[in-house]
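Trainee: I would like to take a close look at one part of this protein, beginning with a single cysteine and then setting it against the rest of the chain. Could you walk me through it carefully?

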Amino acid sequence: MDLFILTLTIPLVAGILLSFAGERDWAPHINVTASAATFLAAAGLTAEIVANGPRFAFGEQFFIDSMNVFFVALTAFVGMTTAIFSDPYMKNDRSHGKLTPGRLRLYKSMYQFFMCTMLVALTTNNLGILWVAMEAATLTTVLLVSLYRTPASLEAAWKYFILCGVGIAQALFGTILLYFAAERVLGESGTALLWTHLVGVKAFLDPNIMAIAFIFLLVGYGTKVGLAPMHNWLPDAHAEGPTPVSAVLSGLLLNVALYAILRCKVLADGAIDGDFAGDLMIGFGLFTLLAAAFFLGRQRDVKRMFAYSSIEHMGLITFAFGMGGAVGNFAGFLHMTMHSLIKSAIFFAVGHAAQKCGTQNMEDIRGLIRINPLIGWGLMLGTLAILGMPPFGIFASEFMILTHAMKYHPWTTPFLLLGLGVAFAAIFGKVHPMVFGESEAKRLPHAPAITPVFIHLGLALMMGLWIPPYLTRWFHEAARMLG
């Protein structure tokens, strides 16, 4: 069977199966097996695209090229490792009475549906289907965020639904404006929302309509990216939802929303003279970085703190893509990859730490290095990696972003250094006593899955020292597509 069809249908079929059989003892194995099979299909699809070039599927409704195929592989990989992590994690939650069998079934089925919606969003050539897939991803994650059914989790899910619903409505209006501009050029041929057709005529699109459309698209999809001031849903969703959901929200969903913005930026850059789209992204990115950095020091909940860290990094990535150019785009793609791997690893470690100590309050989590050295070292190394310490890959991407900003946008350099410095002090100052303090926490009923933590951190370390040539080629090709 075609590898692309397998990549999309495996999580869809697994979600349907788990919605009926998710309470059975073998259901976790289905969740992990389906996620692993999706990753293998995605890896095969990536090799096929690298060897043979871009391709269409289902007519022209889906399009896979060098820019999105690696996102597909990255999404499938983090989805697989998160499924492995979630097996003992959710069993521990059930042992503690936080989950019923019915809610476990809901979690497993919605997890697979969520993976399917993200893969559809990444591979579709139709900007209308992209919008539908993003809305479907919102609906599935609302159910996941509210899984515990506590007042706080229901409030977080409601806030997530309302804010992202308003954002996605603005993205819909931006998509309608984009269609209006494209139909004038392409006519009523039914291709006015196909990205491959739009990119061919981007220079002929009405610049005034495109400017308004991009503003709505940036604000709409930027709400799901977590750009300030539309970020308020993200800390609550991370803090109140299950930790595996926090891992895929930070590591995957934010990337997919930013990917949608990047596709639209290519069209806006071609239609509008100057750096209108890039300047908007620089402004939103810089403001988001600074806002998140100063919120970090006020947090008491460990998952809320790392949620604000995700907002900070998405601001930095948006800033990098706003600068554009070969270096800016390369650094943006590298930083997205590193953030996905490292932040999901941190949430894996944080989830097991919170279960061991029975709380997410950082003041009550102490001595992780004594309770479980692997969890303690995983959290400490993950924290150093996300803070940009060498030789991890984020150091390389942040160094490229800073040097590129110094050359082309020197006025932004002090603000970048201020935001990164404040974030470093806030996070390291809170994580250090969590790892090295004294504690009397008890053992968990089910041994935690630590392997995914060190697999992710090992990849991030490797890419700080040596980026494989095929990845370098992909980053260069993807950066070239953005201009």
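Mentor: Cys116 has a relative accessibility of 11%, and because buried means under 20%, Cys116 counts as buried. Please keep in mind throughout that this is a predicted model, so that what follows describes computed values rather than an experiment.

A bench biochemist will next ask about a partner for that sulfur. The closest cysteine sulfur to that of Cys116 belongs to Cys164 and lies 19 Å away, which is too far for a bond, given that a disulfide would need the two sulfur atoms within 2.5 Å. Turning to Cys164, its own closest cysteine sulfur is in Cys264, at 17 Å, and this too is too far for a bond. Cys164 is likewise buried, with a relative accessible area of 0%. A search of the whole structure agrees with this reading, since it finds 0 disulfides.

Two further residues help to place these cysteines in context. Lys265 sits in helix α10, which covers residues 243–271, and although Lys265 carries a side chain that is counted as positive, its relative accessibility is 9%, so it counts as buried. Beyond its neighbours within four places in sequence, Lys265 is in contact with Phe214, Ala277, Gly278, Met281, Phe321 and Gly322. Trp158, by contrast, belongs to helix α6, residues 151–186, and at 56% relative accessibility Trp158 counts as exposed. The C-alpha atoms of Trp158 and Met67 are separated by 34 Å, the two residues being 91 apart along the chain.

Now for the chain as a whole. Its secondary structure comes to 19 helices and 2 strands, and of its 483 residues, 61% are buried. The radius of gyration is 21 Å, which agrees with the value near 23 Å that a compact globule of 483 residues would have, while the C-alpha atoms fill a box of roughly 65 × 55 × 45 Å along the principal axes. Among the contacts with a separation of 6 or more, 81% join residues that are 24 or more positions apart.

As for the surface, the protein chain exposes about 17200 Å², and carbon and sulfur atoms supply 66% of that area. The charged side chains number 29 positive and 27 negative, with the centres of the two sets lying 8 Å apart.

Note on methods. Residues numbered from 1 in each chain as written. Predicted model: local features only at pLDDT ≥ 70, side-chain atom pairs only at ≥ 80, totals over all residues. Heavy atoms only, no water. Helix = DSSP H or I, 4+ residues; strand = E, 2+ residues; numbered from the N terminus. Rg over C-alpha atoms; globule rule 2.2 N^0.38 Å. Buried < 20%, exposed > 50% of the residue type's maximum accessible area, 1.4 Å probe, protein only. Contact = heavy atoms within 4.5 Å. Areas by Shrake-Rupley, 256 points an atom, 1.4 Å probe, with all protein chains shown as cover. Charge placed at Lys NZ, Arg CZ, Asp CG, Glu CD.
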